[in-house]
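User: I am new to this structure and would like to understand the reasons behind the terms used for it. Could you go through them with me?

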Amino acid sequence: MAKAQSSGLGRFVSWGMVVLLAALAVGLYVYRAPISGYADVASAYSARVACSCRFVAGRSLKDCEKDKLSGMELVTLTDDASTKSVTARFPLIAAHTATHREGYGCVLESWDD
C-alpha cells in the first residue's frame with residue numbers, strides 16, 4: 001500500500017512540474033510576443049491622450065475613456081489629481097504614466113528598456 005501512495009505522489013509532482021514549465025513557457029512567449037509591444041504602445045498612448053484630456057481639456061476621466069481607440073478596451077486608466085498624472089495599464093504586461101507639466105503639456109515618464 002505504501003508503494004502505491006508513493007507512486008501517486010510522484011506522478012502528481014511530475015505533472016505539477018510539467019504544468020509549471022508549460023506556464024513559464026507561455027509566459028515567456030507572451031512577454032516576448034508582439035502583444036507586449038502592442039501593450040506597451042497602447043498604454044503609453046492612452047496615458048498621454050487621457051492626461052491631455054483630463055488636465056488640459058478639463059474633462060472627467062470617465063469622459064476621457066471615450067477617446068480610447070478601437071482595440072484598446074483592455075487598457076484601464078487611473079488619474080491622480082494631486083500630481084496631475086494619468087496612468088494607463090494593460091493587464092499583466094505594461095503600464096505607463098503621463099504627467100501634466102506647465103508649459104509642456106502632458107509628458108510621458110521615461111521608458112526603461
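**Reasons behind the terms**

Analyst: A pairing is a good place to begin: in this predicted model, H100 has C106 in strand β4 as its bridge partner. Helix α2 packs on the sheet, where it touches β1, β2, β3 and β4, and its direction makes about 25° with that of β3.

User: What makes β3 and β4 a pair of strands?

Analyst: Two strands count as paired if there are at least two bridges between them, and β3 and β4 (residues 105-108) have 4 bridges, in the antiparallel sense. Besides the bridge of H100 with C106, A98 has L108 in β4 as its partner. The hairpin of these strands has 3 residues between them, and in it G103 takes a positive phi near 90°.

User: How do you know that β2 and β3 pair as well?

Analyst: The cut-off of at least two bridges applies here too, and β2 (residues 85-90) and β3 are joined by 6 bridges in the antiparallel sense. One of the pairings sets S85 against T99 in β3. This hairpin also has 3 residues between its strands, and L92 is the residue in it that takes a positive phi, near 65°.

User: Why are β1 and β4 called edge strands?

Analyst: The open sheet has 4 strands in the order β1-β2-β3-β4, with antiparallel pairing. Strands β1 (76-80) and β4 each pair on one side only, and they are the edge strands for that reason. From one strand to the next, the twist averages 25°.

User: Is T99 buried or exposed, and how do you know?

Analyst: Buried means under 20% relative accessible area, and T99, with a relative accessible area of 14%, is therefore buried. T99 lies in strand β3, which is mostly covered, with 6 of its 8 residues buried. Leaving aside residues up to four places away in sequence, T99 touches C51, T83, K84, S85, G105, C106, V107 and E109.

User: Why does V49 count as buried, partly exposed or exposed?

Analyst: The range between the limits of under 20% for buried and over 50% for exposed is called partly exposed, and V49 falls there because its relative accessibility is 25%. V49 lies in helix α2 (residues 34-56), whose buried residues include A47, A50 and C51. The C-alpha atoms of V49 and V86 are separated by 9.2 Å, although these residues are 37 places apart along the chain.

User: How do you know whether the span of α2 is close to the expected one?

Analyst: The expected span is 1.5 Å times one less than the number of residues, which for the 23 residues of α2 gives 33 Å, and the helix reaches 32 Å from its first C-alpha to its last, close to that value. Just after α2, G58 takes a positive phi of about 75°.

User: What makes a group of residues a nonpolar core, and which of them have the most contacts inside the largest one?

Analyst: Such a core is made of buried residues of listed kinds, Ala, Val and Cys among them, joined through side-chain atoms within 4.5 Å. The largest one has 16 residues, and those with the most contacts inside it are C51, V75, L77, V86, A88 and F90. Two or more residues come from each of α2, β2 and β3, and α2 gives the most, with 6 residues. The contacts of A88, not counting residues up to four places away in sequence, include S43, A47, V75, L77 and A95.

Conventions
Residues numbered from 1 in each chain as written. Predicted model: local features only at pLDDT ≥ 70, side-chain atom pairs only at ≥ 80, totals over all residues. Heavy atoms only, no water. Buried < 20%, exposed > 50% of the residue type's maximum accessible area, 1.4 Å probe, protein only. Contact = heavy atoms within 4.5 Å. Axes fitted to C-alpha atoms, helices over the stretch in contact; angles between N-to-C directions.
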